[in-house]
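Colleague: I'm new to this one and would love a close look at a single part of it. Could you walk me through one strand and its surroundings?

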Amino acid sequence: LALSGNYDLTYVGDDLTIGARAIEVTADPQSKTYGDADPALTYQITNGSLVGTDSCTSALTRNVGEDVGDYAITQDTLALSGNYDLTYVGDDLTIAKVSLSAKADDKSKEAGTSDPAFTIAYSGFKFSDDPTALDTAPTASVSGAHEAVGHYPIVVSGGLDNNYDFSYTDGTLTVVDTTAPAVPSATPPAGDYMTDQMVALSSSDGGSGVDGIYYTLDGSVPD
């Protein structure tokens, strides 16, 4: 900076002030299912921009917890150099329920006896969870009368838990009758006769469920 010799130049200096560059970073919302590993915690620059090859250092984190719910994603050590005025906008990591399969085990009993203990097989527990970890474990039962010989559904229901959604599969209760069939009888009794005889045959299977009752004239067992 100069003037011609016609001037006696006096210069009074001042400063150029470079202020910090305003920038806003916003965390991306994230989600996962109970029991899964955390997704990467990412972010976007939502206001302002970085200069040249400048970049953010370190990373985001989230509040501790693995149960179903929302957990704040926090700035933690995410930072820029002193050339930036960083504003951080957080969001949440949402943990959703996972499906738990509960199937009634098949059971059987004899007609007229008490029901067996109805049990449930589970598939899908996370971490070290087991039925004792459930807020309310489901139950298995057979509704209505079920004493006659036949098959009855064992229904699973009633499970409640903060971390699990239940998927139910029925089992089957089989009621059998082990009563032995009555011994067939014939009139007249077996023997050698010189004349033709009228033979009356009778029997009852007593609801035992046997396939059939067979009679032979010579007492042999049919194939």
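Modeller: Happy to; here is a tour of one strand, its sheet and the core it feeds, with a few stops elsewhere for context.

Please keep in mind that this is a predicted model. The protein has 223 residues, 20% of which count as buried. Its secondary structure comes to 16 strands and 0 helices, and the strand I'd pick for you is β1, which covers residues 21–27.

Let's begin with the sheet around β1. Three strands make an open sheet in the order β3-β1-β6, and the pairing is mixed. β3 (43–47) and β6 stand at the edges with a single partner strand each, so each has one side left without a neighbour in the sheet. On average, and ignoring direction, neighbouring strands here are turned by 30 degrees against each other. As general background, strands of a sheet pair through backbone hydrogen bonds, either parallel or antiparallel. β1 and β3 run antiparallel and are joined by 4 bridges. If you want a spot to centre your view on, find Val25, which stands opposite Ile45 in β3.

Now go to Arg21, which also lies in β1. Is Arg21 buried or exposed? Arg21 has a relative accessible area of 37%, so it counts as partly exposed, because that class runs between 20% and 50%. Leaving aside residues up to four places away in sequence, Arg21 touches Ser49, Val51, Asn83, Tyr84 and Asp85. Asn83 is a nice example of chain folding: Arg21 and Asn83 are 62 residues apart along the chain, yet their C-alpha atoms are separated by 6.1 Å. Across the protein, among contacts between residues at least 6 apart in sequence, 52% join residues at least 24 apart.

Next comes Ile23, which also touches Tyr84 and Asp85. The other contacts of Ile23, again not counting residues up to four places away, include Ile45, Leu50, Leu80 and Leu86. Ile23 brings us to the largest nonpolar core, a group of 11 residues. Among its members are Ile23, Val25 and Ala27, along with Cys56, Leu60, Ile73, Tyr84 and Leu93. Two elements, β1 and β6 (84–89), give two or more residues to this core. The largest share, 3 residues, comes from β1. In soluble globular proteins, nonpolar side chains tend to be buried together. There is also a second, separate core of 10 residues, which includes Ala102, Ile120, Tyr152 and Leu173.

For context, let's look at another sheet. This open sheet has 4 strands in the order β2-β7-β5-β4, and its pairing is mixed. β2 (30–33) and β4 (61–62) are its edge strands, each pairing on one side only. β2 and β7 (residues 91–96) run parallel and are joined by 4 bridges. Within this pair, Lys32 has Ile95 in β7 as its bridge partner.

One last stop is Thr179, found in the loop between β14 (171–176) and β15 (185–187). With a relative accessible area of 41%, Thr179 is partly exposed. Thr179 and Glu110 are 69 residues apart in sequence, and 9.4 Å separates them in space, C-alpha to C-alpha.

Stepping back to the whole surface, the protein exposes about 14,800 Å², and carbon and sulfur atoms supply 51% of that area. If you return to β1 now, you can trace its antiparallel pairing with β3 and its 3 residues in the largest core.

Notes: Residues numbered from 1 in each chain as written. Predicted model: local features only at pLDDT ≥ 70, side-chain atom pairs only at ≥ 80, totals over all residues. Heavy atoms only, no water. Buried < 20%, exposed > 50% of the residue type's maximum accessible area, 1.4 Å probe, protein only. Core = buried A, V, L, I, M, F, W, Y, C linked by side-chain atoms within 4.5 Å. Contact = heavy atoms within 4.5 Å. Pairing = 2+ DSSP bridges. Axes fitted to C-alpha atoms, helices over the stretch in contact; angles between N-to-C directions. Areas by Shrake-Rupley, 256 points an atom, 1.4 Å probe, with all protein chains shown as cover.
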